Structure formats: C-alpha cells, structure tokens
Amino acid sequence: MNNVEIKYIQTKTKLLTIEINGYLLHSKYDPVKEAKRIIEKEFIENYVHVLFGFGLGYLAEAFAEKVSREQLIIVDPFKEQLALENSEVIDSNDEKEIKSRLKNSLKNYSREVKVICAPNYEKIAPIAYHNLLKIIKDVQRFNQVEENTIRFGSEFWQENYIKNLIYAFSDNSLNELEKKYECPIVIASGGPSLTKQLSLLKTIREQVILIASGSTVNSLVSEGITPDYIVTIDGAEANYRHFKDLVLPDSILLYCLSSNYKIQQEYIGKRYPFLTTNDFRVGEHLKESLNINLPYMAGGGSVAHFAFTIAIFLTNGPIALIGQDLAFTNNQSHATNNKHHKVIDEKLLKDRDAFEVEGYFGDKVLTDYSLYSMKTIFEKLHKGIVHSAPIFNCTEGGVKLDGFMQLPFESFIKKYIGNILIEKIEQEELSNSNSICILIEQLRKEINVYNQLEKDLVDAISILKANQHNSIFKQADLKKLDKIDRKIKDNFNLVMMDRIVEPLTIDVLRNFKANERDKPKQNFDRVYNQNLELYSRLLEASKKSKRFTLETIEIIETTKL
C-alpha cells in the first residue's frame, strides 16, 4: 500500500501505539485495556474470528486468552510497512492464504465467522477491508454449497453405492483403460458455448476420442453426434431421466458407483466403473470382500471435473475442453437441447446471487457461487496434474480458467487433429469370472452386520434413556456404552455406510459444542443429546442401508443375473 505515513507514539501507560496517515491503531492511553474491552464485546464462543489489523499485537494477545490458534486468523494490510515478522499475520493481498486458513478453520462446512476490525483500519484501508469481507463470504458460500450437496444426496448416494455393486461386480474396471490412447481427446460439457462448437466437432468426429460429461450427451445426440464415452456420477432421479430414452450401443458408459443405479441397469452398451478420491474406504471394502479393484478419480461438484481427470487417465495425447462455460453466457444456463437449458432473466440472476468475474476473452461474465466453486476446482485439479501433452480450454466463452492454455477450437483442430481415423479400444473379455453367487453371499453377510448394528444401537439408546433424568452417567452404564461403541465401530467397517452418515457426522460434531460457561447439568444434557442423536440417526441409517441391500439381492434373484 503506497503513501503510508507511520508514527510510533508513547501512550500514557508507557506502551507504544501507532499512527498511520493521522489515524491511531491503538488507544494513546491504555492499549491493553482497550484491546480487552473490544474482545469482551466482540468474542463469540466456538466461532472462527478474523481480526483485520494486527498493529502492535494488543488485540491478538487479548484473543490468545480466549481462542486457539486455529480459531483466530489475523490479516493486516500494512504487514510489509510495519515490518511484521509474526508468521501468524497474513498480508491482506494474500487471498490464497486467507482462503486456505479459513477453509482449514471452518470444520464440518461451518459458516460461523466473526470479523473484528481493529480501530480505524477500515478507514485507512477500506479496499483491503472490503476485499477481506468478500473472501470470507465466498468461503462461507462454498461451504454452504458443499453441505447442501452432501445433505441432498446422502441417501440416494447410499442406495446407488449398494445397488451398483451388481454392475461393478460384472463389469471390467476402468483400470483396464489406463493410458490406452495416444490420440487427442475432446471433453464436451453442457455450457451455452457448446452449441457453437458442434458443427466443428462433426467435421473431426472420427479423428478424436469424444467424452460427454453427463447430460451433455443429449445436446450431442440431438445433432447426430455419438460420443465414445459418457461419464456419469450423479445419483439423483433427474440424472436417470437424462439417460432414460437414450439408446447408444456404440458409446461406453463410465460410471461412478454414486451414479443412479437405474442408468447402469438399463444401459445396453459397455460399462466401466470407478470411484472418487473420497471413496477410499469403499474401495478397500470392495477389494477385501469382492476382489473388485476400481481406480480413484479426482473431481468435484460437477461431472465435468471427473470427465477431465478421466481424459487424462485415458490418453497421453492433447486434451480440449469445450462447453465449459461455468457462467451464464448469452443469458443461458446450458447449451441448446440440454434438458437443463433455461433462459436467465434478472429475477433468476438475483435469486442465484450472481456476480461478475473475468471471462474467457478478458471481459466480465456473470456466474454464481455454485458455478464459481466448480471453476476453482478445475483450476486446483489442473494445477495438481502432470500430463505429457498440452491441455486447452477451447470453450471460447464463459469464465477464464486460470492456469489453462486458451486456444480457439478451430486452432486446436488444425494443430493436433490429422486425417487418421481413431480406432477405439475394444473392451477386453471380462476379467472377473466369479459367480454372481459370491456377490449374493457377501450381501447376505452384510445383512447380518446391519442386524447386529441395529441391536447394538437399540441397546445403546436404552442405556442412554435410563440416564435421562440424571446429572452424571452411571459408571456401569459408561462401561457398557464404551463396549457397544467398539462393536459399532468394528461392524461399521464391514459395510459401506460412509455416504449416508455424512450429514449426521456434520450435525453431531457441529451442533453440540462445549461452552465454558455451561454448568455441570448443561454439560450432561449436551453429551446426552449428542449421543442420543448419534445413536438414533445411525440406527435409521443402518435400517435404510439394510433395506437397500435386501432390494439389491432381490434385483439379482428376480432378474437372474
């Protein structure tokens, strides 16, 4: 920050204060007393506190008596001018570090942030203060998007992970296709800019491998373009409806076990399953129980993220993204003929809390927090990838994806695509020759595990309720609960329940935080209610998972797979 005049002034208590451009950063009488008064007024228990302004550290020292290092983030726009060597102080220009610290501090998708502006800092550095508030709002909104996704999808994800075992057991793993190609791959996503690229795509269709990101397949098929591969991850019924009427025997389906199981059930072409990088426990369970070995694909909130990392998994050749707008290009939500397509009006922009960001052409484009979070995930994925050939964003519209090389699609075609037809890899013979009876046997074992889980959880709830009117737990009951907890943990590791318990984990860890002012009875009630919610919701989750498992067995037996 330029034009900064700094003076150090001795206070009445012989301590120092600072004056910047005529504004005092601390009291000229008693800065320690002032700091304690501010903290007493502004502090909120269990919140993450962001202090804008370090100065000489009086406020930070007062905070240290109340919060852990993780609960306090200090930002100062004058870090360089004040020669602040404290490593805990973040320069206000370091947006990346501020976001990183916030994300690490806000556990379980929390949005509980309290901003404290040190005296006069917002007057001396108003732009830096405004930018900090925007950064905090962005992180809060991203956490909201992530949490909403988890809450919305947890139950049908659980159903799909179990019912897709039928197809994962029968199909070859996506591992079979690792680096099978040397040719260019084009990834088609459903942004509004896809429409203008389709005529070009037709001209080189047989010279590239084409991957369709989820529902984008409808926009391609409507123009007579058949993709080589279709990626699907979404478990919602709406995703199934995108595929319901498609008959594409020459396209290969690449599906995550989270994908709506009815898509795989009805798909008449070849299929390859995979897992996400969040599915490590699921992957280990599949290896141990069914000898199924699936690769972990990195991704995020969009099927296009997975299509991107899968393309890198498939080829050593160059890769082009088209239709990856992540913005409301030409006041549209999606490409023409995409079933999600909407015309975006002012009301919808307001409802979506739309805002401007840098566009592909250096212009300003409108996006929202959901789409913008997808942009940041793309950039993070790209940064962490090592690929032997160039990767281009050829969308020619939408947001600018930082780190990606930009190239017009026509230029990509001229430079990288020849006249030689691509020979698509034929699916190898099924390597998993185990009988479907093995799957049924494993599922029946898991039914027994769910039965034991339910029994233990009912017992735990009964023990808790017997203590309901107490102020302390009986030692004998605590021992019983500890024993039950160990059994529950062991049995939980024998089944796939990760997805369905995610929302309850968030709630149990976030909604029952200790308060230092609580009296013994309040502490007892908090622990009692926390454990009651944990056991009750685990019981409900176990019953649902068992039902999905029973339905899977029925599907196998009635369809004679």
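Begin by selecting His49 in this predicted model; His49 stands opposite Leu72, a residue of strand β5. Now extend the selection to strand β4, residues 48-52, and strand β5, residues 72-76. These two strands pair in the parallel sense, and four bridges join them.

Next, display the whole sheet around this pair. The sheet is open and has four strands, in the order β6-β5-β4-β7, with parallel pairing. Colour β6 (89-91) and β7 (113-117) to mark the edge strands, each of which pairs on one side only. From one strand to the next, the twist averages 25 degrees.

Then select helix α3, residues 95-105, which packs on the sheet. Which strands does α3 touch? The helix touches β4, β5, β6 and β7. With the direction of β5, the direction of α3 makes about 165 degrees.

Keep α3 on display and add helix α5, residues 126-163. The two helices pack at an angle of about 45 degrees, and their axes are 10 Å apart. Angles that are not under 35 degrees, over 145 or from 65 to 115 count as oblique; α3 and α5 are therefore oblique to each other. The crossing in which α3 passes α5 is right-handed.

Finally, show the side chains at this contact. On α3, select Glu95, Ile98, Lys99, Leu102 and Lys103. On α5, select Leu132, Ile135, Ile136, Asp138 and Val139. How do the residues of the contact of α3 with α5 divide into nonpolar, polar and charged? Six are nonpolar and four are charged, while no polar residue takes part.

Terms used: Residues are numbered from 1 along each chain as its sequence is written. This is a predicted model: local features need pLDDT of at least 70, side-chain atom pairs count only at pLDDT 80 or more; totals for chains, interfaces and linings use all residues. Side-chain values use heavy atoms; hydrogens and water are left out. Two strands pair if DSSP finds at least two bridges between them. Axes are lines fitted to C-alpha atoms, for helices over the stretch in contact, and angles run from 0 to 180 degrees between N-to-C directions. Contact means heavy atoms within 4.5 Å. A crossing is left-handed if the near helix is turned anticlockwise from the far one by less than a right angle, and right-handed if clockwise. Ala, Val, Leu, Ile, Met, Phe, Trp, Tyr, Cys and Pro count as nonpolar, Asp, Glu, Lys and Arg as charged, and the others, Gly among them, as polar.
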